[in-house]
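Subject: Handover of a structure for your work

Dear colleague,

Please find below the structure that I am handing over to you. My account of what was found in it follows directly after.

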Amino acid sequence: MQMNADAAAHMGIADGEIVELVSDMGRDRVRVETTPYLHPACIFTSAAPGGRSFGADAGDAQALGVGPLDHTPLRWDPLTGAALTQENAVRVEKIAEHEDNNE
């Protein structure tokens, strides 16, 4: 997930840190890449299929990443009938203690 560098710093989130994306549809853990090129109120995730990654010994490990529709409620444009899948409201939460963030 990409996030504005100033917004991340304001939240105490460092580049490469794992955070949680939270919405009415669930929670996902993602690694942050900070950038100055996004509006501070926005984040970016890829719309490519997949999006989950597992460590070398995944076992019972938590998958990192977010799928393109994981936080997208099914809504339709009343005029065109097209699915509204491009913008979603999520909250970014810092994970206080997580072993991946203490490397």
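Two residues are said to be in contact when heavy atoms of theirs lie within 4.5 Å. In that sense, and leaving aside its neighbours within four places in sequence, Thr35 is in contact with Gln2, Met3, Asn4 and Ala5. Thr35 belongs to strand 4. The relative accessible area of Thr35 is 10%, and residues under 20% count as buried, so Thr35 is buried.

Please note that this is a predicted model. The mean pLDDT of the chain is 80, and 74% of the residues score at least 70. Confidence varies among the elements: helix 1 (residues 5-10) has the highest mean pLDDT, at 97, whereas strand 6 (residues 52-53) has the lowest, at 56. I would ask you to keep these values in mind when reading the remainder.

Overall composition

The chain contains one helix and eight strands. Along the sequence, these elements follow the pattern β-α-β-β-β-β-β-β-β. The chain has 103 residues, of which 27% count as buried. It exposes about 7,100 Å², and carbon and sulfur atoms supply 53% of that area. Among the contacts in the chain with a separation of 6 or more, 57% are between residues 24 or more positions apart.

The sheet with the order 3-2-8

Three strands form an open sheet in the order 3-2-8, and their pairing is antiparallel. Its edge strands are strand 3 (26-31) and strand 8 (91-94), each of which pairs on one side only. From one strand to the next, the twist averages 30°.

Strand 2 (residues 18-23) and strand 3 run antiparallel and are joined by six bridges. The two strands form a hairpin, with two residues between them. Three of the bridge partners may help you to trace the register. Ser23 is partnered by Gly26 of strand 3, Leu21 by Asp28 of strand 3, and Ile18 by Arg31 of strand 3.

Strand 2 also pairs with strand 8, again in the antiparallel sense, over four bridges. In this pairing, Val22 stands opposite Arg91 of strand 8.

How is strand 2 covered on its two faces? In a regular strand, the side chains alternate between the two faces of the sheet. On one side of strand 2 are Ile18, Glu20 and Val22, and on the other are Val19, Leu21 and Ser23; all of these are buried, and both faces are therefore covered. Put as a count, six of the six residues of strand 2 are buried.

In strand 3, one residue deserves separate mention, namely Val30. Is Val30 buried or exposed? The relative accessibility of Val30 is 3%, and Val30 therefore counts as buried. Val30 and Met1 are 29 residues apart in sequence, while their C-alpha atoms are 6.4 Å apart in space.

The sheet with the order 4-1-5

A further open sheet of three strands has the order 4-1-5, with mixed pairing. Here the edge strands are strand 4 (33-35) and strand 5 (43-44), each pairing on one side only. Strand 1 (residues 2-4) pairs with strand 5 in the antiparallel sense, over two bridges. Within that pairing, Gln2 stands opposite Phe44 of strand 5.

Gln2 is also among the contacts of Thr35 given at the start of this message. Thr35 itself lies in strand 4, which is one of the edge strands of this sheet.

In summary, the chain holds an antiparallel open sheet with the order 3-2-8 and an open sheet of mixed pairing with the order 4-1-5. In the former, strand 2 is mostly covered.

With kind regards

Methods: Residues are numbered from 1 along each chain as its sequence is written. Side-chain values use heavy atoms; hydrogens and water are left out. Two strands pair if DSSP finds at least two bridges between them. Axes are lines fitted to C-alpha atoms, for helices over the stretch in contact, and angles run from 0 to 180 degrees between N-to-C directions. Buried means under 20% relative accessible area, exposed over 50%, partly exposed in between (1.4 Å probe, protein chains only). pLDDT is the predictor's confidence in each residue, from 0 to 100. Accessible areas come from the Shrake-Rupley method with a 1.4 Å probe; for residues, only the protein chains shown count as cover.
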